Amino acid sequence: MLADDLICNSGLQLSDGVHDNLKESVIKILDTLYHDRHYARFFVLETIARVPYFAFMSVLHLYETFGWWRRADYLKVHFAESWNEMHHLLIMEELGGNAWWVDRFLAQHIAVFYYFMTVFMYIFSPRMAWESHAYETYDKFIRSQGDELRKLPAPEIAVKYYTGGDLYLFDEFQTSRAPKSRRPKIENLYDVFLNVRDDEAEHCKTMKACQTDGNLRSPHSSPEDAFDDESG
């Protein structure tokens with residue numbers, strides 16, 4: 001048992017090291033190529049940011065197929081997170097962030113490579129979490145461009161996502177707060193980026209909960225109806 005734990009821990013440390021190195025490399029590339037093209041940078045960032053959720057759900061389905069590990073709440077929450085990141089991406093596209101072919105090419109190819117790498121990591125541990133660089137990126141942008149952003153209109157997709165329709169999935173990924181406790185106001189582009197930044201903060205909290213077995217729960221689940229089956 002001790003030998004198995006040592007092997008597992010060594011594998012996780014190796015995966016963490018590879019992941020951290022790749023993340024730092026991507027950040028350096030984005031900082032170099034997109035220091036003065038903010039929307040294109042955010043388009044690339046959001047294209048890549050969706051990948052860990054896709055990889056996580058792929059591995060969860062694999063584990064369930066073999067009857068090794070089962071977590072209904074993990075699937076629900078991570079789908080909601082991917083839905084949130086998809087709308088971040090749609091916002092950046094509406095702002096013109098995907099206008100250049102080279103930006104689309106770079107984002108898509110990094111995303112494909114990152115997908116297979118994160119699938120490999122999650123096979124070792126389906127509760128492995130990752131840290132997000134996105135919160136700091138958006139926070140810095142808001143502080144430096146806030147006055148200009150307040151003068152610009154909000155994209156239509158942002159208004160629809162944050163203020164209209166069924167907000168069940170919007171509540172679902174925010175596991176640290178009660179459903180319906182956060183209802184954004186969207187009056188201009190500043191409000192949009194403020195809420196995108198706050199979404200990233202909620203993702204960080206959810207990913208932190210993933211690191212401890214049993215800590216991640218859907219905001220809409222109750223102890224009586226939660227589906228929690230380790231053995232299948």
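A residue counts as buried when its relative accessible area is under 20%, as exposed when that value is over 50%, and as partly exposed in between. Keep those cut-offs handy for the exercises below, which all use a predicted model.

**Exercise 1. Get your bearings: how many helices and strands does the protein chain have, and what share of its residues is buried?**

Step 1. Start with the elements: the chain has 9 helices and 2 strands. Reading from the N terminus, the order is α-α-α-β-α-α-α-α-α-α-β.

Step 2. Now the burial. Of the 232 residues in the protein chain, 46% are buried.

Step 3. Turn to the outside. About 12000 Å² of the protein chain is exposed, and 58% of that area comes from carbon and sulfur atoms.

Step 4. Finish with the contacts. Take those between residues at least 6 apart in sequence: 81% of them join residues at least 24 apart.

**Exercise 2. Look at R37: which residue does its side chain meet in a salt bridge, and which ring does R37 lie over?**

Step 1. Some background first: side chains of opposite charge can pair when their charged atoms come close.

Step 2. Find the partner. The R37 side chain meets that of D103 in a salt bridge, with 2.6 Å from N to O. This pair links distant parts of the chain, 66 residues apart: R37 is in the loop between helix 1 (2-33) and helix 2 (38-49), while D103 belongs to helix 5 (residues 101-124).

Step 3. Check the accessibility of each end. R37 has 22% relative accessibility, so it counts as partly exposed. D103 has just 2%, so it counts as buried.

Step 4. Now the ring. R37 lies over the face of W100, 3.7 Å from the ring centre.

**Exercise 3. Go through some other salt bridges: which residue pairs with D147, and which with K160?**

Step 1. The structure holds 12 salt bridges, so there's plenty to pick from.

Step 2. D147 pairs with R150, and their closest N and O atoms are 3.6 Å apart. At 60% relative accessible area D147 is exposed, whereas R150, at 41%, is partly exposed.

Step 3. R150 has a ring to deal with too: it lies over the face of Y190, at 3.8 Å from the ring centre.

Step 4. K160 pairs with E156, with 3.2 Å between the closest N and O atoms. Both sit in helix 7 (residues 156-163), and because they are 4 residues apart, about one helical turn separates them.

Step 5. Salt bridges can also share partners, and that is how D139, R143, R197 and D198 are joined into one network.

**Exercise 4. Follow the aromatic rings: why is the pair of F42 and F193 called tilted?**

Step 1. There are 16 aromatic pairs in the whole structure. For F42 and F193, the ring centres are 5.5 Å apart and the planes are at 50°.

Step 2. Apply the cut-offs: planes under 30 degrees apart are stacked and those over 60 are edge-to-face, so the rest are tilted. At 50°, the F42 and F193 pair is therefore tilted.

Step 3. Place the two residues. F42 is in helix 2 and F193 in helix 9 (residues 189-210), so the pair ties together parts 151 residues apart in sequence. F42 is buried at 1% relative accessible area, and F193 is buried at 0%.

Step 4. Compare Y63 and W68. Their ring centres are 5.7 Å apart with planes at 90°, so this pair is edge-to-face. Y63 is buried at 11% relative accessibility, and W68 lies in the loop between helix 3 (51-65) and strand 1 (70-71).

Step 5. Back to F42 and F193: together with Y39, Y138 and F141 they form one aromatic cluster.

Step 6. W68 also has a part at the surface. With L62, F66 and I123, W68 makes a nonpolar surface patch of about 410 Å².

**Exercise 5. Size up two basic residues: is R41 buried or exposed, and what is the phi of K180?**

Step 1. R41 is in helix 2 and is buried, at 14% relative accessible area.

Step 2. Setting aside neighbours within four places in sequence, R41 is in contact with L30, D31, Y34, H133 and T137.

Step 3. For phi, recall that most residues other than glycine have a negative value. K180 isn't a glycine, yet its phi is positive, about 70°.

Step 4. K180 lies in the loop between helix 8 (168-172) and helix 9, and at 66% relative accessibility K180 counts as exposed.

Definitions and conventions. Residues numbered from 1 in each chain as written. Predicted model: local features only at pLDDT ≥ 70, side-chain atom pairs only at ≥ 80, totals over all residues. Heavy atoms only, no water. Salt bridge = Lys/Arg side-chain N within 4 Å of Asp/Glu carboxyl O. Buried < 20%, exposed > 50% of the residue type's maximum accessible area, 1.4 Å probe, protein only. Contact = heavy atoms within 4.5 Å. Areas by Shrake-Rupley, 256 points an atom, 1.4 Å probe, with all protein chains shown as cover. Phe/Tyr/Trp six-rings, centres within 6.5 Å; stacked < 30°, edge-to-face > 60°. Lys NZ or Arg CZ within 6 Å of the ring centre and 35° of its normal. Patch = residues over 30% accessible without salt bridge, like charges linked within 9 Å, V, L, I, M, F, W, Y side chains within 5 Å.
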